[in-house]
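Student: I am new to this structure and should like a close look at its internal spaces. Please describe the cavities and pockets and the residues that line them.

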Amino acid sequence: MLGGLALSALVAPGAKAATLLKPLAVDAWTQTPGAPVLDHPYGLPSPHESNVVRRTARAWPMPGAASSLTPLADLHGALTPNGLVYERHHAGVPDIDPDRHQLVMHGLVREPKRFTMDDLLRLPSESRVHFLECSGNTASEWKGPSGLPVQLTHGLLSCCEWTGVRLSTVIEAAGGLVAGDEGKRPRWLLAEGADAAAMTRSLPLDRVLDLALVVYAQNGERLRPENGYPLRLLVPGFEGNTNVKWLRRLKVVDAPLETREETSKYTGLLPDGRARQFVFEMDAKSVITRPSPGHSLTVHGYYPIVGLAWSGRGTIRQVEVSTDGGRTWQTAQLDGPARDRALTRFHAGWVWNGEPAAILSRATDSTGYVQPTREALVQARGLNSYYHYNGIQQWRIGADGSVKNA
Ligand SMILES: Nc1nc2c(c(=O)[nH]1)N[C@H]1C(S)=C(S)[C@@H](COP(=O)(O)O)O[C@H]1N2
Ligand SMILES: [Mo]
């Protein structure tokens with residue numbers, strides 16, 4: 001672990017003798033006043049961080065259909081800054097006037113209702129930290145190591161503090177659920193977006209009622225246009241697609257609507273020809289973000305292994321790290337108390353002796369579920385699956401210090 005011996009190895013020999021220290025230079029930026037406060041009424045990152053941006057891995061065939069991925073290797077802590085939250089649009093980003101946008105709550109509720117944004121802002125609100133992951137995240141690894149860096153393998157992933165109104169509060173504001181055959185037929189919730197894709201999903205109401213939020217803010221400011229401004233559904237732990245952006249309609253129904261997004265898409269073809277449908281929760285997963293492909297180890301000695309772990313079914317109980325390709329494992333330290341359905345950062349100490357190595361992480365969640373190997377996943381689901389890949393991810397370290405997805 002992070003022992004005194006390992007830490008002292010970080011300091012160059014000789015630096016301990018204070019008498020040998022030369023004074024710091026007085027650089028130009030210390031000698032003249034800096035830029036005035038109003039240069040950027042809305043703050044921007046340092047220009048020296050201009051490489052920390054969302055990137056896209058592929059060309060999309062349809063206008064507006066695109067994704068951009070979060071630069072996980074360059075982030076710190078558990079939250080994703082708003083300008084770096086991954087994006088996935090099926091028909092581009094609509095430009096919605098918040099003064100004209102309305103949400104309809106109808107179907108099996110007593111008093112179907114339309115809400116303006118002002119109406120929603122007057123309802124009791126709640127702020128919660130949750131991850132969001134596209135179920136297509138890491139699909140690149142189904143057939144084996146893709147060679148891609150972590151931004152492009154795992155970057156359809158972000159974590160924000162979301163603020164909005166509980167779904168149950170919105171239902172209450174519409175008079176509550178219609179009584180009658182309650183308990184006989186489970187209720188479903190249809191959610192519809194106002195974009196040109198009219199993204200529409202059916203959700204099992206009993207599983208989302210206490211969790212889901214109708215949100216208008218992320219990380220303290222109103223939603224970004226690309227993340228659903230002015231309103232989106234947030235279903236903690238559920239696959240990204242169900243988190244309908246630009247939300248305009250919620251309808252309580254007594255059976256799923258079998259929309260395009262839950263039949264031809266977002267289903268998984270199994271080896272026996274059957275399909276998995278309505279697979280909502282994102283299974284426990286973890287990935288090492290540092291060191292990761294593109295980094296290089298430049299000295300023999302101590303390196304922290306840092307990464308992220310998350311589960312759509314609860315909290316992260318444990319993360320283990322291996323540096324020998326999975327033969328032996330050590331328990332990683334979790335940074336702070338693990339939050340429900342949120343990214344949890346982990347770190348483990350490692351002394352690299354200059355030999356080739358293979359580093360991996362494995363998450364266990366609060367239900368006891370352990371992140372599987374790729375082989376186990378393929379065994380269970382075959383190779384025609386695309387969504388919900390959560391296999392253990394390995395990075396190879398070469399004798400030259402290079403880090404590769406191989
Ligand atoms: N209306 C609408 N909602 C949508 C989408 C969309 O294209 N239109 N994309 C979905 C998909 S596939 C994902 S993974 C998440 C992405 O959310 P983000 O762009 O805020 O990261 O939004 C979901 N909600
Ligand atoms: Mo997605």
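Tutor: In this predicted model, there are 4 cavities of 30 Å³ or more. The largest cavity encloses a volume of about 230 Å³. Its lining consists of 19 residues, and those nearest the centre of this cavity are Arg 88, Gly 240, Asn 241, Asn 243 and Lys 245. Strand β2, which spans residues 87-89, supplies the largest share of that lining, namely 3 residues. Sorted by class, the lining of the largest cavity comprises 7 nonpolar, 6 polar and 6 charged residues.

The pockets may be considered next. The largest pocket holds about 670 Å³ of space. It is lined by 30 residues, and Arg 58, Trp 60, Ser 67, Arg 88 and Tyr 386 are the ones that lie nearest its centre. Arg 88 thus appears in two places: it is listed among the residues nearest the centre of the largest cavity and among those nearest the centre of the largest pocket. The lining of the largest pocket divides into 16 nonpolar, 9 polar and 5 charged residues.

The second largest pocket has a volume of about 370 Å³. Lining this second largest pocket are 18 residues, with Leu 44, Pro 45, Pro 81, Gly 83 and Leu 84 closest to its centre. The classes in the lining of the second largest pocket are 8 nonpolar, 5 polar and 5 charged residues.

Note on methods
Residues numbered from 1 in each chain as written. Chains lettered and ligands numbered in written order. Predicted model: local features only at pLDDT ≥ 70, side-chain atom pairs only at ≥ 80, totals over all residues. Heavy atoms only, no water. 1 Å grid on protein atoms, 1.4 Å probe; cavity = no way out; pocket = protein on both sides within 12 Å on 5 of 7 lines; lining within 4 Å. Points joined across faces, edges and corners; volume = space filled by probe spheres on them. Nonpolar A, V, L, I, M, F, W, Y, C, P; charged D, E, K, R; others polar. Helix = DSSP H or I, 4+ residues; strand = E, 2+ residues; numbered from the N terminus.
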